[in-house]
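Reader: Hey, can you walk me through what holds this model together? Start with the charged pairs, and tell me what your terms mean.

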Amino acid sequence: MSSQTTSSDKYNIDLGKLGAKLEIARTENEADVAIVEHTLPPHTLAAPLHRHSREDEISYVLDGEMTVLAGDEIWTVPTDEATVKGRNVWHTFWNAADEPLRFLEIIAPGKFSEFFAEIAHVYPVDPANEEALARFEEICERYGFEADLESVPTLCEEHGLQI
């Protein structure tokens with residue numbers, strides 16, 4: 001495994017309203033861990049309900065607060081606190097507050113950090129766009145990632161969110 005990463009390996013992209021900046025690539029450390037800095041505006045859903053089969057996500061909130069739905073539980077993570085979104089658990093998160101949210105996502109193992117750059121051209125996915133939907137599903141399958149795109153309208157309505 002390479003211990004160096006080049007600036008061309010890093011990204012700073014927007015996935016709809018979710019900002020994603022690769023701070024530490026998995027190739028920069030022997031542990032195969034990646035760190036992505038995310039930003040999310042107020043009253044915004046970050047993603048549809050989804051689950052990972054290969055990695056855990058540890059979110060550390062830098063500014064604002066994150067609301068997490070995992071399984072049947074909902075909790076809020078304030079500034080300077082962390083939470084784990086484990087593998088094989090349906091989850092999502094959002095910013096229910098009036099202030100922007102900024103947090104670090106520690107991804108272990110780190111391969112999934114490359115997912116964000118790959119989906120940037122098709123996300124947010126318009127289910128009516130069959131080509132974009134097929135590309136999104138193909139990328140998800142390669143990463144062992146499942147997304148319930150149909151969950152978005154219900155989540156937005158129930159929690160007063162936008163996407």
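Author: Sure. A salt bridge here is a side-chain nitrogen of Lys or Arg within 4 Å of a carboxyl oxygen of Asp or Glu. By that rule Glu118 pairs with Arg142, and their closest N and O atoms are 2.4 Å apart.

Reader: Before we go on, what kind of model is it, and what's the fine print?

Author: The model is predicted, so local features need pLDDT of at least 70 and side-chain atom pairs count only at pLDDT 80 or more, while totals for chains, interfaces and linings use all residues. Residues are numbered from 1 along each chain as its sequence is written, and side-chain values use heavy atoms, with hydrogens and water left out.

Reader: Ok, back to Glu118 and Arg142. Which helices do they sit in?

Author: Glu118 is in helix α1 and Arg142 in helix α2, so the pair ties together parts 24 residues apart in sequence. Helices are DSSP runs of H or I with at least four residues, strands are runs of E with at least two, and both are numbered from the N terminus.

Reader: Is Glu118 buried or exposed?

Author: Neither: at 24% relative accessibility Glu118 counts as partly exposed. Buried means under 20% relative accessible area, exposed over 50%, and partly exposed in between, with a 1.4 Å probe and protein chains only. Arg142, at 39%, is partly exposed as well.

Reader: How many salt bridges turn up in the whole structure?

Author: The search finds 13. One of them joins the side chains of Arg26 and Glu114, at 2.6 Å from N to O. Arg26 is in the loop between β2 and β3 and Glu114 in helix α1, so this pair links parts 88 residues apart in sequence. Arg26, Asp32, Lys111 and Glu114 also form one network through salt bridges that share partners.

Reader: Switching topic: which residues have the most contacts inside the largest nonpolar core?

Author: Phe115, Phe116, Ile119 and Phe136, in a core of 24 residues. Such a core is a set of buried Ala, Val, Leu, Ile, Met, Phe, Trp, Tyr and Cys residues joined through side-chain atoms within 4.5 Å.

Reader: And which element gives the largest share of this core?

Author: That's α2, with five residues.

Reader: What does Phe116 touch?

Author: Not counting residues up to four places away in sequence, Phe116 touches Tyr11, Ile13, Leu15, Ala20, Val36, His38 and Ile107. Contact means heavy atoms within 4.5 Å. Apart from this core lies another of 11 residues, including Leu18 and Phe103.
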